[in-house]
Amino acid sequence: MSRIKAKTPSLCTCELLTKEIISKSLSGLRQIVASCYGPSGRLKQLHNGVGGSICTTSSSSLLINNLSVTHPILKILTTSVQNHVSHFSDCGLFTAIFCCHLIENFQRLNLSSATVVKVSNHLLSLCTDYLNSETCGCRISVDFSNMKTLRCLVQSIVTSKPACLLSKKEADHISTLILKAFLLTIPEKAKDFAILGKTLIIPLKGERVMDSTVLPGILIEMPEVQLMTFSIKKLPSNALKVALFCITMSGEISDPGEGTLVVTYGVSLENAVVDQLLNLGNQLISDHVDIVVCQKVIHPVLKQYLNQHHIITIDRVGISLMEPLCEMTGTQPIGSLNLISSTSYGYVKDLCSTNFGSKPYFHLIPNDSTVCTLLLCNRNETAWNELKLACQTAQHVLKLTIREPLALLGGGCTETHLASFLSHKVISVPECILKANDCTQPEYKIVANAFCNALQAVACSLEHDKGKLLADRKYGHFWSVQPDFPPDVKWQDLVSKCGCGLHSNQEELNWCLLQSIHFAPQNYPLQQSTNSLKDHLTLDCFTAKLHGLQVAVETASLILDLSCVIEDEN
């Protein structure tokens with residue numbers, strides 16, 4: 001006991017919260033996340049100093065989770081982003097970049113943190129009210145009877161992950177499969193509300209991306225030994241009865257722990273267990289079961305006995321497949337080797353064997369189910385991991401879009417549009433708002449200018465090749481020009497289309513440079529776009545981006561309000 005040190009008191013310090021230290025820490029994080037932003041974002045290779053796996057990615061979930069941060073401010077910021085991504089899957093980089101720029105811009109202001117927080121929260125409310133209004137010029141409605149918008153939304157997510165290493169043709173193919181898989185999870189006979197099904201993703205690494213496909217039902221990898229004995233001809237043509245076991249059927253005797261296992265003299269435990277398994281097999285045979293699926297291991301003797309009676313056995317499926325199997329077949333997992341209730345069984349329409357790549361699979365085909373399997377192929381493990389993440393994100397975004405059938409214009413256009421909207425909105429601020437936020441008109445405009453610059457900076461993060469960045473004054477959309485353009489050339493001759501793809505240089509627009517002295521406040525309201533939706537728009541998830549906007553502002557406000565850090569060093 002004498003070697004145990006007494007607890008030291010917690011350390012309270014303000015040194016970590018000086019503007020210089022915060023600015024330096026934020027600058028490093030901002031440069032990392034901003035350089036990964038968008039379809040042309042740069043990849044990051046992450047690994048720790050003591051070995052372990054190497055992660056190559058530009059996705060926010062993997063990037064933030066694998067970054068090791070020590071500064072308390074960065075811990076707050078990364079935790080906020082992680083929490084956002086865990087709930088919405090998308091717009092993690094947007095949230096992190098916007099939050100970093102907000103804090104850096106606000107720290108340069110010679111204003112009290114209380115004033116900055118109040119005004120920034122009011123600006124946030126203006127943004128959210130505008131985005132939720134029917135007059136919003138940077139959102140579109142999603143019509144589920146027309147796949148064009150949904151396809152654009154999925155394509156925007158897939159093409160934003162450069163580590164997937166997809167060509168345009170491959171990205172189109174994967175986007176179509178994601179959309180097809182999602183539609184298969186929607187029940188056909190839903191009335192007031194619908195419970196969406198599941199999409200299982202099976203890896204096929206080292207295969208062509210164009211070989212990826214979607215199948216209704218569940219694929220389970222088949223052992224080569226079973227492939228030699230599998231015969232679908234022995235199965236009846238009508239629906240097949242399924243028994244699903246969630247316990248081991250290997251014949252192992254469970255560990256008695258500290259208790260005592262009493263065995264009668266002359267009794268063989270192994271034979272007794274095998275007899276019990278064979279009795280279970282007899283019940284399955286008498287109940288006319290066609291397929292036995294086990295989460296764990298089935299004893300070889302029971303396997304052989306069931307196969308002799310033309311019952312297909314599938315074991316080692318793992319816990320991850322149990323819920324989809326229950327949902328698809330209607331079975332109740334059986335947790336006992338004794339008598340089985342007839343209500344525990346379920347059904348599938350058919351069972352067949354199929355091959356993908358070099359692997360054979362059982363294909364359980366449902367009668368009417370919302371479970372499907374996406375066989376996902378890519379060239380190598382790194383590219384496949386990133387593609388799987390993109391597919392999962394797209395699936396989640398589509399589910400969010402069902403709840404709120406809206407999408408925001410992507411490619412930086414929503415950010416510059418919001419900045420232009422706020423720039424016009426704060427030209428004359430009502431006295432009641434100034435009083436409620438306890439600030440003067442100049443103070444309000446200073447904070448609003450920092451807020452708008454942060455929005456524009458997010459859009460500017462999409463450019464990684466030192467091109468010129470523009471915004472038009474008519475719609476407030478984002479445009480980029482390739483570097484090293486010839487002098488004395490009109491902007492109209494240099495730009496082709498805006499970031500989201502809705503507008504082209506054929507329209508009479510007035511362009512100005514972003515984040516420069518040439519970008520004056522918007523003295524007149526933005527016009528509503530009258531263009532019809534194009535086939536190739538860049539879109540963002542409405543729900544995810546709106547929440548990311550709120551998280552960024554609220555996290556920045558929290559960090560600005562901090563006055564000291566208390567650390568427990570025990």
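**Entry 1: helix α13**

I listed the buried residues of α13 and got Cys-413, Thr-414, Glu-415, Thr-416, His-417, Leu-418, Ala-419, Ser-420, Phe-421, Leu-422 and Ser-423. I was working on a predicted model. That list puts eleven of the 13 residues of α13 in the buried class, and the helix is mostly covered.

What covers the buried residues of α13? I found, among the elements in contact with them, the helices α4 (92-107), α5 (113-131), α15 (441-460) and α17 (542-561). The strands β15 (406-409) and β17 (478-481) are also included in that cover.

I then checked the length of α13, which runs over residues 413-425. From its first C-alpha to its last it reaches 18 Å, close to the 18 Å expected at 1.5 Å a residue.

**Entry 2: two positive phi values**

I looked up backbone angles next. Most residues other than glycine have a negative phi. I noted two residues that depart from this.

Cys-91 has a phi near 70°, a positive value, and is not a glycine. I located Cys-91 in the loop between α3 (72-88) and α4. Is Cys-91 buried or exposed? Its relative accessibility is 10%, and buried means under 20%, so Cys-91 counts as buried.

Lys-466 is not a glycine either, and its phi is positive at about 65°. I found Lys-466 in the loop between α15 and β16 (468-472). Lys-466 counts as exposed because its relative accessibility is 78%, and exposed means over 50%.

The α4 that follows the loop of Cys-91 is also listed in the cover of α13. The same list holds α15, the helix before the loop of Lys-466.

**Entry 3: the second largest pocket**

I looked up the second largest pocket and read a volume of about 290 Å³. Its lining has 16 residues, and the closest to the pocket centre are Leu-184, Glu-188, Asp-368, Ser-369 and Thr-370. Which elements give two or more residues to this lining? They are α7 (168-184) and β14 (371-378). By residue class I recorded nine nonpolar, four polar and three charged in the lining.

**Entry 4: the whole chain**

I finished with the totals. The protein chain holds 17 helices and 20 strands. Of its 570 residues, 49% are buried. The chain exposes about 28400 Å², and carbon and sulfur atoms supply 52% of that area.

I also looked at contacts between residues at least 6 apart in sequence, and 75% of these join residues at least 24 apart.

Methods. Residues are numbered from 1 along each chain as its sequence is written. This is a predicted model: local features need pLDDT of at least 70, side-chain atom pairs count only at pLDDT 80 or more; totals for chains, interfaces and linings use all residues. Side-chain values use heavy atoms; hydrogens and water are left out. Helices (H or I, at least four residues) and strands (E, at least two) are DSSP runs, numbered from the N terminus. Buried means under 20% relative accessible area, exposed over 50%, partly exposed in between (1.4 Å probe, protein chains only). Contact means heavy atoms within 4.5 Å. Accessible areas come from the Shrake-Rupley method with a 1.4 Å probe; for residues, only the protein chains shown count as cover. On a 1 Å grid over the protein atoms alone, a cavity is a set of points where a 1.4 Å probe fits but cannot get out, and a pocket is an open set with protein on both sides within 12 Å along at least five of seven lines; lining residues have an atom within 4 Å of a point. Grid points are joined across faces, edges and corners, and a volume is the space filled by probe spheres set on the points. Ala, Val, Leu, Ile, Met, Phe, Trp, Tyr, Cys and Pro count as nonpolar, Asp, Glu, Lys and Arg as charged, and the others, Gly among them, as polar. The expected span of a helix is 1.5 Å times one less than its number of residues.
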